[in-house]
Amino acid sequence: MRRVFPEKSPGRRGLATARELIESGWTHSAIDHMVATTGAEPFPRVFVNHRGPIDQATQLVAAGLWAGQAATLTGLAALELHRVFMMERPPTWRFLVPAPHWQRASGIAVLAKTERLPASTVINGVPVAVPERALADAGRFAELPPGQLRLLAISVLQRRLTSPERLEYELSAGRRNGTKAVREGCRIFRTGPWSMPEAWLKRVVAEHGRLPAMLCNPRLVSSDGQFIGVPDGYFPSVGVAVQVHSRTFHTGVDENGVDLWERTVEHDSDFGAYGIVVLGVTPSTLWQAPGRFLGRLERAVAAQAGRPLSAVRVDQPRRLAA
């Protein structure tokens, strides 16, 4: 008798559990024969009806089926599905299951009991914890060293995958062990250049003390009133502008399909067309290596000093509150 492998939704990637096969008329011996001849068992009691290569995305769906219907992927593996950049692939696929499930493991997949199942969304056929829970769990399960966890928290917040408020609520609602670095990353994001880059730029320049006066967010126009742009910082005495940019924040396309990073770079060139020298700086440089940026800024200001300025004027400059 030829048995038909049960058809599932495209997100299942041709996988079926042992229970689904039994419900479709398969016997245990038929399943064993299929695995031995024409199919494979990527995770215990999860099967695919071919012997070809199984890619990582399919392996992850299989791991989710092995974990069970109540399981939710969390930690670094969940953040990767939320499209958070990882230097290396997460070494563990950690699934949260409601207590009193057994804690068990198969390959790189691990089940962890919780009394507080997170809100989740399905991504590529896998139930995935919301970003704030996945990030907090990456700390709770020590999936990264503290320094990398801090930067990861800043990256998640910078990309607006969650908010500081939601992250802080999650950190206070669950186990605190291992979350110190995530808390620090949230604090740095709130107070550092990632949250208000212009304010941080103003602080760094003011503390330097040897630069000319800088305007924050001035509206620059040409001599005939043509709008040029609003740089983050501008030194009117020498015609030097500063733009705080983050590749992460400007990745993707807008509603018209325009690449955000290309648009950012091209917009900076608009200043150059009017003779304004533009210095770009990232939030991480302002935070971690302000001296490097200030050295570049000093050299640009010195090179421009004494040169005739182009016909650019400041229209209604807006200063940040001290």
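The following paragraphs describe the fold, ring pairs, nonpolar cores and sheets of a predicted protein model.

Local features were accepted at pLDDT of at least 70 and side-chain atom pairs at pLDDT 80 or more, whereas totals for chains, interfaces and linings take in all residues. Numbering starts from 1 along each chain as its sequence is written, and side-chain values rest on heavy atoms, with hydrogens and water left out.

The protein contains twelve helices and 16 strands, taken as DSSP runs numbered from the N terminus (helices H or I, at least four residues; strands E, at least two). Of its 322 residues, 44% count as buried, where buried means under 20% relative accessible area, exposed over 50% and partly exposed in between (1.4 Å probe, protein chains only). About 17,300 Å² is exposed, and carbon and sulfur atoms supply 52% of that area, as computed by the Shrake-Rupley method with a 1.4 Å probe. Among contacts (heavy atoms within 4.5 Å) between residues at least 6 apart in sequence, 58% join residues at least 24 apart.

It is helpful to turn next to the aromatic rings. Three aromatic pairs emerge from a search of the whole structure; rings of Phe, Tyr and Trp (its six-membered ring) pair if their centres lie within 6.5 Å, with planes under 30 degrees apart counted as stacked, over 60 as edge-to-face and the rest as tilted. One of them joins phenylalanine 5 and tryptophan 26 in an edge-to-face arrangement, at 6.1 Å centre to centre and 90 degrees between the planes. This pair bridges distant parts of the chain, 21 residues apart: phenylalanine 5 belongs to the segment before β1 (15-17), and tryptophan 26 to the loop between α1 (18-23) and α2 (28-37). Both phenylalanine 5 and tryptophan 26 are buried. A tilted pair is formed by phenylalanine 43 and tryptophan 93, at 6.5 Å centre to centre with 35 degrees between the planes. Because phenylalanine 43 lies in strand β2 and tryptophan 93 in strand β5 (residues 93-98), this pair ties together parts that are 50 residues apart in sequence. Phenylalanine 43 is buried, at a relative accessible area of 5%, and tryptophan 93 is buried with a value of 5%. Ring pairs also bring Trp66 into a cluster with Phe43 and Trp93.

Phenylalanine 43 has a place in a hairpin too. Strands β2 (residues 40-43) and β3 (residues 46-48) pair in the antiparallel sense over two bridges, two being the DSSP minimum for strand pairing. Here phenylalanine 43 stands opposite valine 46 of β3. Two residues separate the strands of this hairpin, and arginine 45 takes a positive phi near 65 degrees.

The largest nonpolar core has 43 residues, with Leu73, Leu79, Trp93, Phe95 and Leu152 making the most contacts inside it. Such a core is a set of buried Ala, Val, Leu, Ile, Met, Phe, Trp, Tyr and Cys residues joined through side-chain atoms within 4.5 Å. Helix α3 (residues 56-67) gives the most to this core, with six residues. Beyond neighbours within four places in sequence, leucine 79 contacts residues including Val84, Met86, Pro131 and Leu152. A second, separate core of 20 residues includes Leu201, Val240, Leu286 and Ala300.

Finally, four strands form an open sheet of mixed pairing in the order β10-β13-β14-β15. Its edge strands, β10 (215-216) and β15 (277-281), each pair on one side only. Strand β14 (residues 240-244) pairs with β15 in the parallel sense over five bridges, and glutamine 243 stands opposite glycine 280 in β15.
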